[in-house]
Amino acid sequence: ALAPTGSGSYSDANGGFSSVYYGPPGRQTLYSVVLALPGCLQNPANFEAGTRCFEDAEANGYVVVMPAHPVLTLDPKGCWQYWTDHYRGRGEPAALVGLLHDLGRRVPLDATRTYVAGLSSGAAMAVALAADYPDVFAAAASGSGTEYQPCSTDDIGQCYLALTTQQFDQDPTASGQAAFRASAGSGGKTIPVILFQGDADTVVAPFNLPQALTSIAVMNDGIASYGRFPGTWTATPSTQDGGVVPGGYAYNHYTADNGQLDWTIVHGMNHAWSGGVADASSNASDGNNYNDPKGPDETAAFRAFLMRFRRL
């Protein structure tokens, strides 16, 4: 894994985070940038060691910035707090956007090519950020994540339970409408999203994928039609393909809405970054490794999808 080219910290009234970033050398024009959010129990060092995002950034000429989430008394796993205070101008979403703007004062970033991606709680926060700030993020990527606002309570224990056991009050349509309300003022700019999910995931159960797809389609329906539901967006796939990783897993890949909604189901994969590097350097703080080299390359798929889009 490559070492970061810089580090820093940022704080404001909404919160603060340390971060590292990688920017490929020898370029004078503006960089596309991906805000990459580790999952619970991960930090930028082991997240990068597993995903090799810095290597991909060097090969493809973009910047990656990875914030670290602190371990807190009420959040001992260091999870991004997607279950509470996840709204525009508040809490962690506002602080993360502030961090990006602060980095832009030191590194030449392209404001029209700004993206967000994450794993697990980082993926849930990526979806929240895309909904809250569609004027900032041109597209989002979610690895083993959830819909916007996946639980009806701010209680962390209830929200963890809702990841593995489908609750009676989980409603992806209501979730999508809440995400649309969060995106108010986007000027009709829909949000392209790509998702990866293992169908043997025991941490974020597979039922979260169709819920996330429905909620994103509903959100974009509202954005595209200025709140007239239902609109034209759908989670019904228009294309389907797949394959088998040599010596690894079979997978199915789908797209909908002219390729702006994209998802891959990896058969037999647990809670992991597909195609990641699983060795001691990428172990999380609990000793487990959340990367699976037997899946298709999630890092490359995310980058290829995200870079197709530009926020004008």
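I began with the cysteines of this predicted model, and found a disulfide that joins Cys40 to Cys79, with an S to S distance of 2.0 Å. I then looked up where the two partners sit, and noted that the pair links distant parts of the chain, 39 residues apart: Cys40 lies in the loop between strand E3 (31-37) and helix H1 (44-51), while Cys79 lies in the loop between strand E4 (63-67) and helix H3 (91-103).

Next I checked the geometry of this bond; the torsion about the S-S bond of Cys40 and Cys79 is about 125°, so I entered the disulfide as right-handed. I also looked at burial, and recorded both Cys40 and Cys79 as buried.

I went on to the other bonded pair, in which Cys151 is joined to Cys159 with an S to S distance of 1.8 Å. Here the torsion about the S-S bond is about 70°, and therefore this disulfide is right-handed. For Cys151 I noted a relative accessible area of 11%, which means that Cys151 is buried, the cut-off being under 20%. Cys159 has 1% relative accessibility and so counts as buried.

With the cut-off of 2.5 Å between cysteine sulfur atoms, I wrote down a count of two disulfides. Counting the bonded cysteines along the chain, I get the pattern 1-2, 3-4.

Which cysteine is in no disulfide? I found that this is Cys53, for which the nearest cysteine sulfur, that of Cys40, is 17 Å away. I closed the entry with the burial of Cys53, which has a relative accessible area of 8% and is therefore buried.

Key: Residues numbered from 1 in each chain as written. Predicted model: local features only at pLDDT ≥ 70, side-chain atom pairs only at ≥ 80, totals over all residues. Heavy atoms only, no water. Helix = DSSP H or I, 4+ residues; strand = E, 2+ residues; numbered from the N terminus. Buried < 20%, exposed > 50% of the residue type's maximum accessible area, 1.4 Å probe, protein only.
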